Amino acid sequence: MKLTKYFAMAFACLTLTACQKDWDDPQTTPYGNSGINDDNIITIAQLKADYPNVFAESDKNAKIERDIKIKGRVTGNDIGSNLYKQFALQDETGAIIVAVNQSGMHGYLAEGQEIVIDLKDLYIGGYRKQPEIGQPYNGTSIGRMNKELFQQHFKYTSSLDPNAIKPIDFDINMDKDANCGKLVTLKNVSFALVAGQGTFAPDSTQDKTVTIMAGCVNRALNEYSASDLVIRTSTYAKFAAKKLPVDATTGKPLKCNITGIATRYASGNKDTWQILIRKESDIEIIQ
């Protein structure tokens with residue numbers, strides 16, 4: 001029995017190795033649509049400029065009827081379960097969120113993977129002014145496309161290169177239209193002290209001091225007003241139950257560098273930066 005189990009495990013490892021080697025060739029990957037050509041590729045900045053009205057107000061969408069494509073690298077995915085059924089795509093000009101009704105996308109869309117997305121017949125919209133690619137939701141808003149549709153609309157262009165994606169230094173005054181969706185690093189910041197358990201996103205049944213909205217918790221930083229910027233964490237994130245960085249002896253907040261996807265959330269007169277940490281290692285304690 002043990003010998004049989006050993007051979008089964010060995011065969012599985014060999015199979016996975018062979019598959020991974022095959023995936024390096026865009027023509028043999030089991031994911032995406034290798035029949036997509038490279039014609040009519042535009043930049044993400046140009047795409048946003050072509051559909052300004054859907055971002056001018058919250059929760060609008062428009063069907064993309066032109067034969068256009070975008071190419072970029074994945075800068076954030078669901079590996080830490082904090083970007084839920086979506087990933088961030090970025091090129092040299094800008095970034096956009098791609099919403100897909102599928103979990104576990106990090107298994108085939110790793111950070112640094114370059115892809116082309118065929119946009120014809122997909123929808124572009126602004127969820128609270130955050131640009132997204134997807135399908136209509138509740139009529140005029142933008143939501144997730146189904147996973148089968150997405151598979152027909154993207155292709156790999158090369159093997160993944162995590163070193164090809166570099167976060168930019170965050171600046172509270174940087175232009176939201178141009179920079180929302182980008183990978184950023186907030187340097188030398190600290191979390192505001194909170195009552196209760198003091199974790200990133202506690203379960204509301206355990207910590208009554210926290211108000212949970214849409215399954216997420218917003219944490220403020222001492223260096224910014226919470227109306228301008230928050231760290232937004234899903235209660236389902238793998239690091240949700242981790243303690244916020246504080247000194248174990250004094251209880252004072254520790255200084256950190258925080259990397260994440262800089263999304264925006266506009267409501268009324270507010271237009272707030274929401275930083276989505278991708279995984280626990282995005283938090284670097286420096287003090």
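Two residues count as in contact when heavy atoms of each lie within 4.5 Å. With that in mind, start with the whole chain of this predicted model: among contacts between residues at least 6 apart in sequence, 70% join residues at least 24 apart. Colour by secondary structure and you will find five helices and 18 strands. Buried residues make up 46% of the 287 residues.

**Colour by confidence**

Switch the colouring to pLDDT. The mean for the protein is 89, and 90% of the residues reach 70 or more. Now select residues 1-22, where the pLDDT is below 50. Beyond near neighbours in sequence, this stretch has two contacts in the model. Where pLDDT is low, the predicted coordinates should not be read in detail, so feel free to hide this part for the rest of the tour.

**Into the nonpolar cores**

Next, select Leu 47, Phe 87, Val 98, Ile 117, Ile 133 and Phe 150. Of the 28 residues in the largest nonpolar core, these touch the most other members. Helices H2 (44-50) and H3 (53-56) each supply at least two residues of this core, as do strands S3 (69-76), S4 (86-90), S5 (95-101), S6 (114-118) and S11 (154-156). Strand S5 gives the most, with three residues.

Stay a moment on Ile 133 and show its surroundings. Leaving aside residues up to four places away in sequence, its contacts include Leu 47, Ile 64, Val 98, Leu 122 and Met 145.

Then move to Met 174, Cys 180, Phe 200 and Ala 237, which are among the 25 residues of a second, separate core.

**The largest pocket**

Turn on a surface and look for the largest pocket, with a volume of about 1100 Å³. Which residues lie nearest its centre? Select Tyr 127, Ala 214, Cys 216, Arg 232 and Gln 274 to see them, out of the 33 that line the pocket. By class, the lining has 14 nonpolar, 13 polar and six charged residues. Among the elements giving two or more residues to this lining are S5, S8 (130-137), S9, S14 (216-219) and S15 (229-234); strands S16 (256-267) and S17 (270-276) do likewise.

**Last stop: Ser 141**

Finally, centre on Ser 141 in strand S9 (residues 141-143). Is Ser 141 buried or exposed? Its relative accessible area is 8%, so Ser 141 is buried, the cut-off being under 20%. Not counting residues up to four places away in sequence, Ser 141 touches Asp 59, Lys 60, Asn 61, Tyr 127, Gln 135 and Pro 136. Tyr 127 was on the pocket stop too, as one of the residues nearest the centre.

Key. Residues are numbered from 1 along each chain as its sequence is written. This is a predicted model: local features need pLDDT of at least 70, side-chain atom pairs count only at pLDDT 80 or more; totals for chains, interfaces and linings use all residues. Side-chain values use heavy atoms; hydrogens and water are left out. Helices (H or I, at least four residues) and strands (E, at least two) are DSSP runs, numbered from the N terminus. Buried means under 20% relative accessible area, exposed over 50%, partly exposed in between (1.4 Å probe, protein chains only). A nonpolar core is a set of buried Ala, Val, Leu, Ile, Met, Phe, Trp, Tyr and Cys residues joined through side-chain atoms within 4.5 Å. pLDDT is the predictor's confidence in each residue, from 0 to 100. On a 1 Å grid over the protein atoms alone, a cavity is a set of points where a 1.4 Å probe fits but cannot get out, and a pocket is an open set with protein on both sides within 12 Å along at least five of seven lines; lining residues have an atom within 4 Å of a point. Grid points are joined across faces, edges and corners, and a volume is the space filled by probe spheres set on the points. Ala, Val, Leu, Ile, Met, Phe, Trp, Tyr, Cys and Pro count as nonpolar, Asp, Glu, Lys and Arg as charged, and the others, Gly among them, as polar.
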